[in-house]
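Please go through the ligand surroundings and the helix packing in this model. A short report is enough.

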Amino acid sequence: MVFDSAQEALVAATVWARERDKGNFRTGGRPILVQFPQGHKQARGSAEWLRFPVMDLTYPQEAETFRKEIRAWLEENLPAGWFEPDFSLSGEERVRFNETWTQKLFAGGWICAGWPVEYGGKGLSLMDQVVLNEEFAKANAPMRADFFGDTLVGPTILQWGTDEQKKEFIPGILNGTIAWCQGFSEPNSGSDLASLKTTAVLDGDEWIINGQKVWTTQAQHADYVFLLTRTDPDAPQHAGISYLLVPMHQDGVDVRPITQVDGSAEFNEVFFTNARCPKANVIGGVNNGWKVAMTTLGFERGSSSTTGYRRFLKEWEFIVSEARRVNRLNDELVRDALVKAWSKVKIMEINGYRTLTDALNNTHHAALLGACNKMFWSEAHRASTELAIDIVGMEAQILTGKGPVTGPSGAFRRGRSDYPVSELQAAFFFARSETIWGGTAEIQRNIIGERALGLPKEPRVTT
Ligand SMILES: Cc1cc2nc3c(=O)[nH]c(=O)nc-3n(C[C@H](O)[C@H](O)[C@H](O)COP(=O)(O)OP(=O)(O)OC[C@H]3O[C@@H](n4cnc5c(N)ncnc54)[C@H](O)[C@@H]3O)c2cc1C
């Protein structure tokens with residue numbers, strides 16, 4: 001078996017050894033050859049040789065007690081039959097389920113459960129949040145994650161906001177009454193975000209905003225945008241930016257959808273023409289927006305780090321079933337590629353534990369681990385969906401989807417409901433964007449090179 005990197009080869013060897021120890025397969029005494037990429041030493045040994053020290057993955061007793069509590073809550077609150085293997089919901093049933101589920105989650109206190117009690121959270125410890133996420137993921141139960149509210153702007157307001165701002169905005173994020181979008185990127189300012197040109201000028205008690213944002217996901221449904229604006233044109237680029245919370249429903253805001261390859265229009269161009277927001281809606285102070293934005297972008301995902309790999313594992317299992325369906329599972333090249341894809345999912349799982357360990361030990365490598373993880377999973381996922389399309393062959397080139405179906409993760413598949421992309425095609429299309437949003441894979445490499453490896457900074461073009 002030949003792997004792309006020594007890390008992948010080691011992971012595969014470790015997992016083989018562990019499974020062999022559990023008696024899950026026998027090598028019949030045959031040696032296992034792990035061939036490292038060119039330039040690395042080849043390692044040959046019997047299965048006995050493959051004995052690696054295994055990470056201790058046990059959790060504290062209190063966390064295990066909490067796990068039982070969550071499991072019991074899920075069993076009591078999910079629809080009858082949810083845990084049966086052939087359980088499914090029709091499109092209509094799922095819509096009804098979604099409507100009531102958020103209310104149940106809110107009543108149970110499970111939305112943003114790590115937030116402080118005084119602002120409506122449960123103040124859960126990181127370990128308990130991890131267990132909460134794990135139990136929801138195992139049960140395939142949706143944890144409401146309004147990505148922009150729960151994960152980005154909510155924690156930013158908690159960290160940088162004044163008490164008044166927290167009281168004004170946090171309850172609406174928790175109960176889902178305010179929907180958010182992120183107004184950072186502009187037509188000429190994506191990776192080079194600090195060059196942004198949208199302006200905000202103070203006029204009495206209000207900011208007057210002019211400019212254009214682009215790729216603004218969910219802007220068509222949002223009540224507020226957290227917006228980066230230039231408030232001091234004379235200051236150095238990073239020092240003249242402010243982070244504003246701007247109401248979307250006003251005449252000065254024009255949202256124009258951008259149609260995507262899967263027929264949907266999840267993101268938009270947003271034009272601001274003399275749009276207004278209260279003077280008090282600056283987060284973190286006037287001209288301090290760059291620092292605030294960096295916290296928004298860098299929020300560590302410690303609590304979901306051990307569950308993120310699961311959707312890729314489910315999708316990988318689905319690709320294997322597709323390979324079986326089209327009679328390609330005995331093709332050696334296909335098998336080889338599937339094992340490589342699987343070893344990458346295993347690396348994601350292990351990287352998740354590494355991120356959690358960092359968060360629990362307060363070793364503060366979250367930003368760098370985040371850059372490594374984002375680069376790794378997005379490229380691995382793009383490659384695995386390309387593999388899936390290759391395996392399925394000509395059929396994958398034809399639109400065969402049948403409207404709103406659930407994908408391998410149990411979630412609605414992406415794509416417009418009446419546009420017949422299959423779940424695999426929809427995953428393939430969306431994977432193309434994953435190496436771009438949230439910082440491109442090249443930018444993650446720059447971060448790793450400069451901040452982790454201490455390489456010289458790349459030359460920058462200044463105009
Ligand atoms: C699905 C999706 C949803 C998005 N949602 C939002 C949203 O809600 N809100 C929002 O504000 N933005 C959003 N974005 C925008 C996203 O943040 C930007 O697309 C991203 O930051 C890249 O910027 P850009 O598109 O301008 O590409 P550019 O920055 O122009 O980059 C073009 C290419 O050049 C490479 N490149 C650029 N600079 C360097 C460098 N210094 N070194 C090496 N290579 C470099 C890039 O890696 C890329 O391959 C979304 C994007 C996508 C795809």
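The report below covers the ligand shell and then three helix pairs.

## Basis

This is a predicted model: local features need pLDDT of at least 70, side-chain atom pairs count only at pLDDT 80 or more, and totals for chains, interfaces and linings use all residues. Residues are numbered from 1 along each chain as its sequence is written.

## Ligand shell

The ligand has 19 residues around it. Phe 184, Gly 190, Ser 191, Thr 440 and Glu 442 come nearest. A residue counts as near if its C-beta atom, placed from the backbone, lies within 6 Å of the molecule or strand. By class, the shell has 7 nonpolar, 10 polar and 2 charged residues. Ala, Val, Leu, Ile, Met, Phe, Trp, Tyr, Cys and Pro count as nonpolar, Asp, Glu, Lys and Arg as charged, and the others, Gly among them, as polar.

Strand 3 (180–183) and helix 12 (441–452) each supply at least two shell residues. Helices (H or I, at least four residues) and strands (E, at least two) are DSSP runs, numbered from the N terminus. The ligand lies between domain 3 (180–298) and domain 4 (302–452), because both give residues to its shell. The domain bounds come from an automatic or database domain assignment.

## Helix 5 and helix 7

Helix 5 (residues 147–160) packs on helix 7 (residues 289–298) at about 130 degrees, with the axes 9 Å apart. That makes helix 5 oblique to helix 7 (under 35 degrees is roughly parallel, over 145 roughly antiparallel, 65 to 115 roughly perpendicular, the rest oblique). Axes are lines fitted to C-alpha atoms, for helices over the stretch in contact, and angles run from 0 to 180 degrees between N-to-C directions.

The crossing is right-handed (near helix turned clockwise from the far one by less than a right angle; anticlockwise is left-handed). Leu 152, Val 153, Thr 156, Gln 159 and Trp 160 of helix 5 meet Val 292, Thr 295 and Thr 296 of helix 7. Contact means C-beta atoms, placed from the backbone, within 7 Å. The contact residues are 4 nonpolar, 4 polar and no charged.

## Helix 10 and its partners

Helix 10 (residues 366–392) and helix 11 (residues 423–434) cross at roughly 150 degrees, their axes coming within 9 Å. The crossing is left-handed. Helix 10 contributes residues including His 381, Thr 385 and Ile 389, and helix 11 residues including Leu 424, Phe 428 and Ala 431. This contact has 7 nonpolar, 3 polar and 3 charged residues.

Helix 10 also packs with helix 12, at about 145 degrees and with axes 9 Å apart. That crossing is left-handed. Among the residues that meet are Leu 368, Cys 372 and Met 375 in helix 10, and Gln 444, Ile 447 and Ile 448 in helix 12. The contact divides into 8 nonpolar, 2 polar and 4 charged residues.

How values were computed: Two residues are in contact if their C-beta atoms, placed from the backbone, lie within 7 Å.
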